[in-house]
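Trainee: I should like to learn how the features of a structural model are read. May we work through one together?

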Amino acid sequence: MPKKTVTLTIENVHDSWWLCQRGTYEESSVLAGQEFRQLVTHYDDLETAKRDNPGVEIVDWFAPQVFIPQTAPSWFDPLDAGEVWSEEDY
């Protein structure tokens, strides 16, 4: 059976810093092969998290960019809700 591998990271989660465990569920789990992330310890600031966990990778995730096309898709009908696709359509 493969050895369970868990890595630690310090992550910004909802404007708060956390020590996190990341890994993959073992073969004995119903979630075998799927990745997991567990929030372990909360910190009020990044400096304290770094001091308490030297050498742990710091991950500061950013919200994904949402792409909105410049032109409306074929299914969009402004009469459905009285809305326009872009500000220029007013």
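Mentor: The discussion below takes up strands, a turn, a core and a tryptophan in turn. Please keep in mind that this is a predicted model.

Trainee: Which strands are joined by bridges to β2?

Mentor: Pairing is read from the bridges that link two strands, together with their relative direction. Here β1 (residues 6-12) and β2 (residues 17-24) run antiparallel and are joined by seven bridges. On the other side of the account, β2 and β3 (residues 35-43), also antiparallel, are joined by eight bridges. Individual pairs may be followed by residue: T9 has C20 in β2 as its bridge partner, and Q21 has Q38 in β3.

Trainee: How many residues lie between β1 and β2 in the hairpin?

Mentor: Four residues separate the two strands of this hairpin. The backbone of the turn also merits inspection.

Trainee: What is the sign of phi at H14 and at D15?

Mentor: The general idea is that most residues other than glycine have a negative phi. In this structure, H14 has a positive phi of about 55 degrees although it is not a glycine. D15, likewise not a glycine, has a positive phi near 60 degrees. H14 is placed in the loop between β1 and β2, and D15 is placed in that loop too.

Trainee: Are H14 and D15 buried or exposed?

Mentor: Exposure is judged from the relative accessible area, and a residue counts as exposed when the value is over 50%. H14 has a value of 76% and is therefore exposed. D15 is exposed as well, because its value is 77%.

Trainee: Which residues make up the largest nonpolar core?

Mentor: A core of this kind is read as a set of buried nonpolar residues joined through their side chains. The largest one here has seven residues, namely I10, W17, L19, Y43, L46, A49 and V56. Both β2 and α1 (46-52) supply at least two residues each to this core. For Y43, contacts beyond four places in sequence include the core residues W17, L19 and A49. Y43 also touches S16, T48, D52 and N53.

Trainee: Where is W85 found, and which residues does W85 touch?

Mentor: W85 is found in the segment after α2 (78-81). Leaving aside residues up to four places away in sequence, W85 touches I68, P69, Q70, T71, A72, P73 and F76. The C-alpha atoms of W85 and P69 are separated by 9.3 Å, and the two residues are 16 apart along the chain.

Trainee: Why is W85 classed as partly exposed?

Mentor: The class lies between the limits of 20% and 50%. W85 has a relative accessible area of 25%, so W85 is partly exposed.

Key: Residues are numbered from 1 along each chain as its sequence is written. This is a predicted model: local features need pLDDT of at least 70, side-chain atom pairs count only at pLDDT 80 or more; totals for chains, interfaces and linings use all residues. Side-chain values use heavy atoms; hydrogens and water are left out. Buried means under 20% relative accessible area, exposed over 50%, partly exposed in between (1.4 Å probe, protein chains only). Contact means heavy atoms within 4.5 Å. Two strands pair if DSSP finds at least two bridges between them. A nonpolar core is a set of buried Ala, Val, Leu, Ile, Met, Phe, Trp, Tyr and Cys residues joined through side-chain atoms within 4.5 Å.
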